[in-house]
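This briefing is meant to be read with the sequence and the coordinates side by side. Please look over the whole chain before turning to the points below.

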Amino acid sequence: MAAESSTNVPPTSTFTEEDEKEIFSHPFFARSAEDMEGNPAYEALRALKYESDDPNANAESFREEGNYYVKQKNYEKAITAYTGGILAKPTDKKILAVLYTNRGIAQAMIKNHGSCVKDCNWAIKQDPTHLKAYLQAAKSLMVLSKPAEAVKVCEAGLKVVANNKTLLELKAKATDLQAAMTIKDEDKQSAVKESHCKLSGAFKQLAARGIVIDFEQPPVGLPDHAAVEISFDHMNLIHWPVLFMYPEFSQTDFVQDVAEYLTIRECLKHVLNPSEPPPWDRERAYTTSEKELEVYFEDTKFAKQMVKVPISRTITELTRCPGFYVRRDLVIVLFVVSKLSENFYKMWIENLRG
């Protein structure tokens, strides 16, 4: 009788994909802390780490976590971790000083220099010998353009750590910046005084010509680099700064020097060149044709309305129009609309009619 041959059949595995996922979701297999955020097992282990009866140990754990996130350049999470350490209320003031300083440094890394300075000041209160806090506070104060305060911080630090090279260098830089800013402020004040003197003389000349100046209206608010300044030439002719506003597109053009004998149309030719139309005028609706273009000035002092003025008028004639006035910065403001922009022009006219 022939012996029966037995075939070795491998046992069927009961290990499923779900089992594999569950095993590899365990914190032991995590490649980084970020991979385990929200994992119940990880959060439980993390809680155990910070539930010591020793507040100093808890604070140190938070500090280590914050340092980890700083290395990962995840400064927001680092700030959260350092805050956790502070809230752990360590009794060791040196630990608390380190936590405040580290949080300040993380704040500085995301450009929160004001918060950084506050944290460093708190660190110094906890531990006046903590050099790192003085250094970071001085650096952030420099970024905030507060060199005088930076000098004081450096001097306070040098009382604790005499002749520290880095503090001495920071103090020198802060002193130089303070001197430069002082000179700049003095130059600015001098320029303001000079400008006021010029304006005072201009006010008198304009008043003598019957040009109304409304001192109640705020200045136009042009940037400093626009060099807004009225002037008088050797023939005592006025050269006006003129601001053209295009309400349809919320755009403006500024012309620094417009002689009073020029017409509004001649002035507009400098900014509305048909061969090179403004990028916002895709329909080429803004020409210098009197049939197509309308110009207004705002009479907020008397009739409280927009006043239309022909673009063939000279600037001198404009200043003599009833209701015309200039603001105290002596900039002429004109509103420009085009009849070719039918929809906007219709709305503009309807608004004028009230």
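What follows covers the overall make-up of the chain, an annotated repeat and one packing of two helices.

The model is predicted, and the protein in it has twelve helices and eight strands. Of its 354 residues, 38% count as buried.

**Overall make-up**
- Among the contacts in the protein that join residues at least 6 apart in sequence, 56% are between residues at least 24 apart.

**The annotated repeat**
- An unreviewed UniProt entry carries the annotation "repeat: TPR" for residues 59–92.
- Over residues 59–92 the chain is 76% helix and 0% strand, and the C-alpha atoms at the two ends of this stretch lie 10 Å apart.

**Helix H3 against helix H5**
- Helix H3 spans residues 55–71 and helix H5 spans residues 93–109, and their axes come within 10 Å of each other while crossing at roughly 25°.
- Because angles under 35 degrees count as roughly parallel, this crossing makes H3 roughly parallel to H5.
- The crossing in which H3 passes H5 is left-handed.
- On the H3 side the contact is made by Asn-56, Ala-59, Glu-60, Arg-63 and Asn-67, while H5 contributes Ile-95, Val-98, Leu-99 and Asn-102.
- By character, the residues of this contact between H3 and H5 divide into four nonpolar, three polar and two charged.

Methods:
Residues numbered from 1 in each chain as written. Predicted model: local features only at pLDDT ≥ 70, side-chain atom pairs only at ≥ 80, totals over all residues. Heavy atoms only, no water. Axes fitted to C-alpha atoms, helices over the stretch in contact; angles between N-to-C directions. Helix = DSSP H or I, 4+ residues; strand = E, 2+ residues; numbered from the N terminus. Parallel < 35°, antiparallel > 145°, perpendicular 65-115°, else oblique. Left-handed = near helix turned anticlockwise from the far one by under 90°. Contact = heavy atoms within 4.5 Å. Nonpolar A, V, L, I, M, F, W, Y, C, P; charged D, E, K, R; others polar. UniProt positions renumbered as here; feature names shortened; annotations may be inferred. Buried < 20%, exposed > 50% of the residue type's maximum accessible area, 1.4 Å probe, protein only.
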